[in-house]
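Colleague: Take me through this one, please, and I'll interrupt as we go.

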Amino acid sequence: MSHIDRVQAHTPEHINQQIANDARRRVRHAGGESRLQLTRRIDALEGEWDIERVLEVNAASLALSGLVIGLFLNRKFLLLPAIVLPLLLQHAVQGWCPPLPVLRRRGVRTRREIEKEKNALKALRGDFAKVQAGGDPLEKARAAWDAAHA
């Protein structure tokens with residue numbers, strides 16, 4: 001892997017490899033699928049939650065729950081946002097927080113990992129075929145941009 005992001009850097013290599021192998025296996029399986037099936041899979045990947053979104057939603061839910069319960073039922077629950085929010089900050093700064101290893105083992109991917117699979121499926125679907133080696137550089141650049149955003 002030539003470029004490892006912060007989440008991958010804090011994930012054991014065998015888990016990163018398992019996530020990559022699972023994506024590779026799905027792409028190989030998709031090799032025989034129709035254009036419509038590939039489009040459906042790409043659409044599903046568009047809706048897949050990445051690790052950042054999962055962490056943000058979980059942290060916000062726990063912090064808000066702790067705040068509401070702490071204000072209305074038992075003040076001890078105010079400890080929950082006091083613990084969760086610094087951990088979210090730690091993740092934002094360092095790329096690691098305690099739930100990260102659990103989520104990665106469960107296969108929750110980074111946006112970059114999801115995009116790699118999505119682009120492989122787009123290539124199978126033929127989205128990048130219109131980008132040709134020769135021709136006007138400006139036209140080639142436009143075609144590349146359009147293909148990448150198809």
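Modeller: I'll start with Glu 46, which is partly exposed at a relative accessible area of 46%. On that scale buried is under 20%, exposed is over 50% and partly exposed is in between, using a 1.4 Å probe and protein chains only. This is a predicted model, so local features need pLDDT of at least 70 and side-chain atom pairs count only at pLDDT 80 or more, while totals for chains, interfaces and linings use all residues. Residues are numbered from 1 along each chain as its sequence is written, and side-chain values use heavy atoms, with hydrogens and water left out.

Colleague: Which side chain does Glu 46 meet in a salt bridge?

Modeller: That's Lys 118, at 2.5 Å from N to O. The two sit in distant parts of the chain, with Lys 118 in helix α7 and Glu 46 in helix α3 (residues 35–47), 72 residues apart. A salt bridge here is a side-chain nitrogen of Lys or Arg within 4 Å of a carboxyl oxygen of Asp or Glu. Helices are DSSP runs (H or I, at least four residues; strands are E, at least two), numbered from the N terminus.

Colleague: Is Lys 118 buried or exposed?

Modeller: Buried, with a relative accessible area of 5%. Lys 118 also meets the side chain of Glu 115 in a salt bridge, 3.1 Å from N to O.

Colleague: How far apart are Glu 115 and Lys 118 in helix α7?

Modeller: About one helical turn, because they are three residues apart in that helix. Glu 115 is partly exposed, at 25% relative accessibility.

Colleague: How many salt bridges does the count come to?

Modeller: Twelve by that rule. Another one joins the side chains of Glu 117 and Arg 26, at 2.9 Å from N to O. That pair also links distant parts of the chain: Glu 117 is in helix α7 (residues 111–125) and Arg 26 is in helix α2 (residues 13–30), 91 residues apart. Glu 117 is buried at 2% relative accessibility, whereas Arg 26 is partly exposed at 31%.

Colleague: Which residues are linked with Glu 117 in a network of salt bridges?

Modeller: Arg 26, Arg 41, Glu 48 and Arg 109 are in the network with Glu 117.

Colleague: Changing topic to pockets. How much space lies in the second largest pocket?

Modeller: About 180 Å³. It has 13 lining residues, and the closest to its centre are Ala 59, Leu 62, Val 84, Leu 87 and Pro 99. On a 1 Å grid over the protein atoms alone, a pocket is an open set of points where a 1.4 Å probe fits, with protein on both sides within 12 Å along at least five of seven lines; lining residues have an atom within 4 Å of a point. Points join across faces, edges and corners, and the volume is the space filled by probe spheres set on them.

Colleague: Which helix gives the most to that lining?

Modeller: α5, with five residues. α4 (51–72), α5 (79–94) and α6 (99–105) each supply at least two.

Colleague: And how do the lining residues divide by type?

Modeller: Twelve are nonpolar, one is polar and none is charged. Nonpolar covers Ala, Val, Leu, Ile, Met, Phe, Trp, Tyr, Cys and Pro; charged covers Asp, Glu, Lys and Arg; the others, Gly among them, are polar.

Colleague: Now the outside. Which residues form a nonpolar patch on the surface?

Modeller: Leu 64, Leu 67, Val 68, Leu 71, Phe 72 and Leu 73, with about 660 Å² of accessible area together. Patch residues have over 30% relative accessible area and no salt bridge, with nonpolar side chains (Val, Leu, Ile, Met, Phe, Trp, Tyr) joined within 5 Å and like charges within 9 Å. Areas come from the Shrake-Rupley method with a 1.4 Å probe; for residues, only the protein chains shown count as cover.

Colleague: Where is Phe 72 placed?

Modeller: In helix α4, and Phe 72 is exposed at 66% relative accessible area.

Colleague: What about Phe 77, where is that found?

Modeller: In the loop between α4 and α5. Phe 77 is partly exposed at 40%, and its C-alpha is 9.4 Å from that of Ala 63, 14 residues apart in sequence.

Colleague: One last loop. Is Ala 129 buried or exposed?

Modeller: Exposed, at 59% relative accessible area. Ala 129 is in the loop between α7 and α8 (137–148), and 8.2 Å separates its C-alpha from that of Ala 147, 18 residues apart along the chain.
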